Amino acid sequence: MGSGPREDFKNPVVNWIDERLPVFTLMQKEYGVFPTPKNFNYFWNFGAIAMVVLVTMIVTGIFLAMNYTAHEDMAFDSVERIMRDVNYGWLLRYIHMNGASMFFIAIYIHIYRGMYYGSYKKPRELLWILGVLILVLLMATAFMGYTLPWSQMSGWGATVITSLFSAIPLVGDSLLTWLWGGFSVDNPTLNRFYALHYLLPFVICAVVFLHIWALHVTGSNNPLGIEPKGPQDTLPFHPYYTMKDSFGICVFLVFFAFMVFFAPNYLNHADHYVPFDPLVTPQHIVPEWYFLPFYAILRAVTFDIGIPLTKIVFIEAKLGGVLAMFGSIALLGFMPWLDTSKVRSAKFRPMYKLALFGLVAAFVALGIAGAKPAEGLWLYVSQVSMAYYFAFFVVILPMLGKIEKTKPLPGSIHEAVTAKAK
Ligand code: HEM
């Protein structure tokens, strides 16, 4: 998004503004004529979809905040009041509540697309890392939002996850007291989570801005994973991709609306409708579905890590689980360097394609196991899937680049597209 010659617009008001602040020239350059590979498939809709969901979450969140009270004695009731007495409050809340799930659906597909087509590879490493940062911020925002209704799931979910910090050697307990603002999850915790839940979406907006900026410096990757070689390989973003994105957004919004109007609590838990009681622990504390794979990893480390047959322990099981959980997200950020292959797209990488399907299977298995009690068969399922998850990043990815026989790449995007059309 740099400077350059200014466009001349027919509309005098637009021209007047543009002479003083060339925002229309910028839009025209970055979204009007921006050269975009002509072979995008529907996977390339999900960045735009994520943006629409982000805006929806901020708008509904602001209106919810006008009616919400962040106090331990009033939070639960204020949410019930929004649902029953505030005009269209139920709609605002159901959009916001289900919007979080829609966001993660869009983002998980967006990330998978990037992994499948090698969009994280040079020169898009920083774009990818900014994406991983957005993912972490999104998780933190969703986690803190879930505590706000101050239900059994809110309070106990917050207790379980924040308590993880106590596993950190030496400073863990003090850190936890500092995080809570007291000696348990209580009113100060609710207040600070509310403040951060309101703030973080705007931080996400800022990082998304950098994400798009980085994208417009390198240009988009595409399903073939080869760079455009000239104008014959690209199309102007408008009207081709403004139309294709609009279509994808509409289809996604139909699904979103279906969830809001016909199954608003399908992804919710009954205990999220019971007020928080610090003296009554629910039988199962289950996080939201989008956290389940990571929750399963956290609980899969049931053993101390040390020297076998001795009493020497380097990392206790609890800390091991915490490290594994955060490590599983952090590893994503190292993908550009862990993958040593010269070829980007899985279309031309048969072994990588198989390994990636394995990763998806392991992620789904972890998600299912995360919802079950951490014992018996489900514990083994989590442990095996976790082992594959880590092996994918630290063993399979670096190795495949050396041993995999890739398929021949087409000469250009244009050549591949016209060959397919013929
Ligand atoms: C609020 C969250 C996010 C928003 C709004 C967002 C938005 C976008 C948009 C609009 C694009 C261009 C269109 C497209 O390629 O789909 C894009 C591209 C991309 N995003 Fe995101 N993104 C988000 C999160 C992420 C995350 C979590 C990752 C990875 C961990 C990621 C990685 C990428 C990559 C690698 C590209 C380039 C794709 C290519 O050129 O093939 N993004 N993003």
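Helices in this report are DSSP runs of H or I with at least four residues, strands are DSSP runs of E with at least two, and both are numbered from the N terminus. On that basis, Pro123 has its place in the loop between α5 and α6. The structure described here is a predicted model.

## The iron site

The iron atom of the ligand is coordinated by two histidines, His110 and His211, each through its NE2 atom, at 2.0 to 2.1 Å. Six donor atoms surround this iron atom and subtend angles of 82 to 179°, which makes the arrangement octahedral. As a point of reference, the ideal angles for six octahedral donors are 90 or 180 degrees.

The two histidines link distant parts of the chain, since His110 belongs to helix α5 (residues 89-116) and His211 to helix α9 (residues 187-218), with their positions 101 residues apart. Both His110 and His211 are buried.

## Gly47 and His110

Gly47, which is found in helix α3 (residues 46-65), provides another link to the histidine of α5: the C-alpha atoms of Gly47 and His110 are separated by 6.5 Å, although the two residues are 63 residues apart along the chain. Which accessibility class does Gly47 fall into: buried, partly exposed or exposed? Its relative accessible area is 25%, and Gly47 is therefore partly exposed, given that buried means under 20% and exposed over 50%.

## The loop between α5 and α6

Lys121 lies in the loop between α5 and α6 (125-147), and with a relative accessible area of 6% this lysine is buried. The C-alpha atom of Lys121 is separated by 7.0 Å from that of Arg344, a residue 223 positions away along the chain.

Pro123, placed in this loop as well, is joined to Lys122 by a cis peptide bond with an omega of about 5°.

## Backbone exceptions

Most peptide bonds are trans, and most residues other than glycine have a negative phi. Besides the bond between Lys122 and Pro123, a cis peptide bond joins His238 and Pro239, where omega is about 10°. Pro239 is found in helix α10 (residues 237-262), whereas Pro123 is in a loop.

Where do the non-glycine residues Leu170 and Leu309, with their positive phi, lie? Leu170, with a phi of about 65°, is found in the loop between α7 (152-163) and α8 (172-180); its relative accessible area of 88% means that Leu170 is exposed. Leu309, with a phi of about 70°, is found in the loop between the strands β3 (305-306) and β4 (313-315), and at 91% relative accessibility Leu309 also counts as exposed.

## Packing of α14 and α15

The axes of helix α14 (residues 350-370) and helix α15 (residues 376-403) come within 9 Å of each other and cross at roughly 160°. Because an angle over 145 degrees counts as roughly antiparallel, α14 and α15 are described as roughly antiparallel to each other. The crossing in which α14 passes α15 is left-handed.

Sorted by residue class, the contact of α14 with α15 has 22 nonpolar residues and three polar ones, and no charged residues.

Notes:
Residues are numbered from 1 along each chain as its sequence is written. This is a predicted model: local features need pLDDT of at least 70, side-chain atom pairs count only at pLDDT 80 or more; totals for chains, interfaces and linings use all residues. Side-chain values use heavy atoms; hydrogens and water are left out. Axes are lines fitted to C-alpha atoms, for helices over the stretch in contact, and angles run from 0 to 180 degrees between N-to-C directions. Angles under 35 degrees count as roughly parallel, over 145 as roughly antiparallel, 65 to 115 as roughly perpendicular and the rest as oblique. A crossing is left-handed if the near helix is turned anticlockwise from the far one by less than a right angle, and right-handed if clockwise. Ala, Val, Leu, Ile, Met, Phe, Trp, Tyr, Cys and Pro count as nonpolar, Asp, Glu, Lys and Arg as charged, and the others, Gly among them, as polar. Donors are N, O and S atoms within 2.8 Å of the metal (3.2 Å for Na, K and Ca); water is not among the atoms, so sites may look incomplete. Four donors count as tetrahedral if all angles lie between 85 and 135 degrees; four count as square planar and six as octahedral if opposite donors are over 155 degrees apart and all others between 65 and 115; anything else is irregular. Buried means under 20% relative accessible area, exposed over 50%, partly exposed in between (1.4 Å probe, protein chains only).
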